[in-house]
Structure formats: C-alpha cells, structure tokens
Amino acid sequence: MHNQVFQSFERILQNLWFIKDIFELILGAVFYYFEAFVRLFIPHCKKDVEGEIVLVTGAANGIGKLIAKELGHYGATLVLWDINSEALDKTAKELKQVLDVRVYAYTCDCSRRSEVYKAAELVKREVGDVSILVNNAGMVTGKYTFVEAPDSLVDRTLRVNVAAHFWTYKAFLPAMLQQNHGHLVCVACHGGLFAMNGLADYCASKSAAVSFAESIALELLVLKKEGIKTTIVCPYLINTKMFWGCQTKRPSFLPVLDQRHAAKQIVDGILREKMYLLLPSSLYFLMALKSLMPAKLGIIFVNFFGGMDLMDHFRGVPVPINSYKKPQQRQRNDSVSDPHTTLVYYN
C-alpha cells in the first residue's frame, strides 16, 4: 500500500516537472524570439576593451591582422601569434607605428601543443593574462579530392583548424575562469555549417571547431561563469590569399567579402558580445532552410549556390610550412619537411 502511494506521488511529481519544463521552454522561446527581433533595431552596446589583453592567432596576414588592428583601435593590448616569423615581425612593426597600444609578437605553430603551452607561458610572464582569445589561424590544403590529399596535410589541417583551439583554451581559459572574465572567439567558416565539394577535411575541421566552441559555451553556462563570453564567427569567402581565385556563383546573394569590412564586422560582433555571427547575413536564411528541407533538396541548393564548383578556380598564394623559424631564445624549430607544403594556405 505504501509503495503504491509512493509510486503515485512520484509519477505526479514527474508530470509536474515535465509541465514546468514545457512552460519554461515556451516562455523562453517567446522571450528570446522577441529579444532577437528587438535586437534587429536596437543592438547591444559595444563593450569597452581598452587595456584588455587580446591574443589573435594567425595574425601575421589577412583577416587575423585586420582583426588585431581593429581591436587595437579600441585600446586593447595586442598579442600576435603566427607561424610565419618574417611576416609576423613586419605586421608587429606596422601596428606599433599606427596604433597607440602595446603590441607583442610571438612565433608559434598553434598545431603543436608543446609550442602553444611554451608561448602561452611567455605571454603570461611578459604581458599578463589574456582576456580575449581570438582563434583565427587556419589552413586549407588546396586542390585535392579527399583520397588524393596527402595524409600529412589532412592531419595538419585538423591540427591547425581544430586541435589548436583545444590547446589555446587549455592555456588561457583557467585564468578567465578564476576571474570570471574573458571572451573566447572562434573564427570558423561557412564550411563549418555547409558542406562543400573538394574541401572534405577543411569542412570537417571547421564543423568540429564550431561544435567545440558551442560545447565550451555550455560548460561555462553550467559553471555559472556569465562573465566569460563566447562568439562563433562563420564568414563566407573573404578576399584574402587563403581562398584566392575562388568565385561565388551567386554574388548578389553570397558575395565574396571584403577583408577590411569583414574584420570590422567581426570586431563589432565581439564588442557587442554576439554568440553567433554569420557573414553575410544571407547565411542565416540558408541555415534556416537547411534545417527544414529534405536532404536531396539540400544537395540541389548546394549546387545552386556554388558549393559543387567553389574550388574550380582556386589558386591561393602559398605560405610554406618551413617559413616557420626559431625565434631567439623562444621556440624550438619544429618545421615540417613535406614535398606538398607549397600547397598549404594560411589565413
């Protein structure tokens, strides 16, 4: 008798909890849809980053350099990481001349865990705790089918585009957790959201980077670390050397992005603490369609928007892996010897 009463009471409680969860879901959906609508007209105010220590990976060239420069205009202390020491030194000198902020440069191969940890210790000792981490470094192997791609380059694509995020988070997130203050920025790509022909390893790596960043955001939420923000950036093609020669099939709907304008939009998204930033905004529409349409129709859409022949005219400007050299008293030389390194492209 007592067991039956207890079981009945337990079922009632379970039903009440289920009703509560449903109510929270409906209320949350209404509130956040309304908030998103309001934010179309009244965006968040930009936060102040003056004096914040910002680390940007892949900062010697392209979008990484421009993101760093833009954040420097807002008074942030800049820490630049890149594998290309010569280009990095040139960028650091240039930014020091045009910005009234501290600029530090460290040669680092972000795909190598030991080098990330060594460089991170140098940054902590010489600059301080990083409060805004921008994981921007990335690479694409070039014009290969997946079967033709050398194993060494597939492996390196995964290590640069995904594993590097693990090691930088491991290095800098603990200090952010301790202070409940910081911002983690994942610069991914539309390839992390949509498949593209000829870029199997690249799309897989960017998709993994997006999922990793989302999982970390959930961990921070559970840990009640509201002071640490996350931003995931998924731009379409940017006119940097990384995807040089690639053409868009529907330029009016999916234009190739100007790198300076893209950098300004990315920094604006960081300052407004956006959780997701898709560039151009038409990608939001495509994401909504993708979740609703049948899989076979999705293939037709991919072809319509150029995902089948995106790499047909690809001729990016290569940056050989062996451009990485040992800085004095800082990093050991771990350059890779590979006959295909001239087909590795960094942003």
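**Notes on a predicted model: helix H1, the cores and some backbone details**

1. Ile19 lies in helix H1, which covers residues 2-39. The model is a predicted one, and the points below should be read with that in mind. At 53% relative accessibility, Ile19 counts as exposed, because the cut-off for that class is over 50%.

2. Ile19 is also one of the residues that make a nonpolar surface patch of about 1200 Å². The other contributors to this patch are Phe9, Ile12, Leu13, Leu16, Trp17, Phe18, Ile22, Leu25, Ile26 and Val30.

3. Turning to the interior, the largest nonpolar core has 52 residues, and within this core the most contacts are made by Trp81, Val123, Phe172 and Leu184. Two or more residues are given to this core by each of the strands S1 (53-57), S2 (77-82), S6 (182-187) and S7 (228-235), and likewise by each of the helices H4 (113-126), H5 (151-179), H6 (200-222) and H8 (282-292). Helix H6 supplies the largest share, which amounts to 8 residues.

4. Which residues is Val123 in contact with, once its neighbours within four places in sequence are left aside? They are Leu55, Val79, Trp81, Tyr106, Gly128, Val130 and Phe172. Of these partners, Trp81 and Phe172 are themselves listed, with Val123, among the residues that have the most contacts inside the largest core.

5. Apart from that core there is a second, separate one of 35 residues, whose members include Val54, Ala59, Ile132 and Ala262.

6. Some backbone details deserve a look when the model is inspected. Most residues other than glycine have a negative phi, and most peptide bonds are trans. Against that background, the peptide bond that joins Leu279 and Pro280 is cis, with an omega of about -5°. Pro280 is found in the loop between strand S8 (276-279) and helix H8.

7. Asn180, although not a glycine, has a positive phi of about 50°, and this residue is found in the loop between helix H5 and strand S6. With a relative accessible area of 30%, Asn180 is partly exposed, since this value falls between the cut-offs of 20% and 50%.

8. Glu273 is likewise not a glycine and has a positive phi, here of about 55°. Its place is the loop between helix H7 (259-271) and strand S8. The relative accessible area of Glu273 is 32%, and therefore this residue, too, counts as partly exposed.

Terms used. Residues are numbered from 1 along each chain as its sequence is written. This is a predicted model: local features need pLDDT of at least 70, side-chain atom pairs count only at pLDDT 80 or more; totals for chains, interfaces and linings use all residues. Side-chain values use heavy atoms; hydrogens and water are left out. A nonpolar core is a set of buried Ala, Val, Leu, Ile, Met, Phe, Trp, Tyr and Cys residues joined through side-chain atoms within 4.5 Å. Buried means under 20% relative accessible area, exposed over 50%, partly exposed in between (1.4 Å probe, protein chains only). Helices (H or I, at least four residues) and strands (E, at least two) are DSSP runs, numbered from the N terminus. Contact means heavy atoms within 4.5 Å. Patches are made of residues with over 30% relative accessible area and no salt bridge: like charges are joined within 9 Å, nonpolar side chains (Val, Leu, Ile, Met, Phe, Trp, Tyr) within 5 Å. Accessible areas come from the Shrake-Rupley method with a 1.4 Å probe; for residues, only the protein chains shown count as cover. A salt bridge is a side-chain nitrogen of Lys or Arg within 4 Å of a carboxyl oxygen of Asp or Glu.
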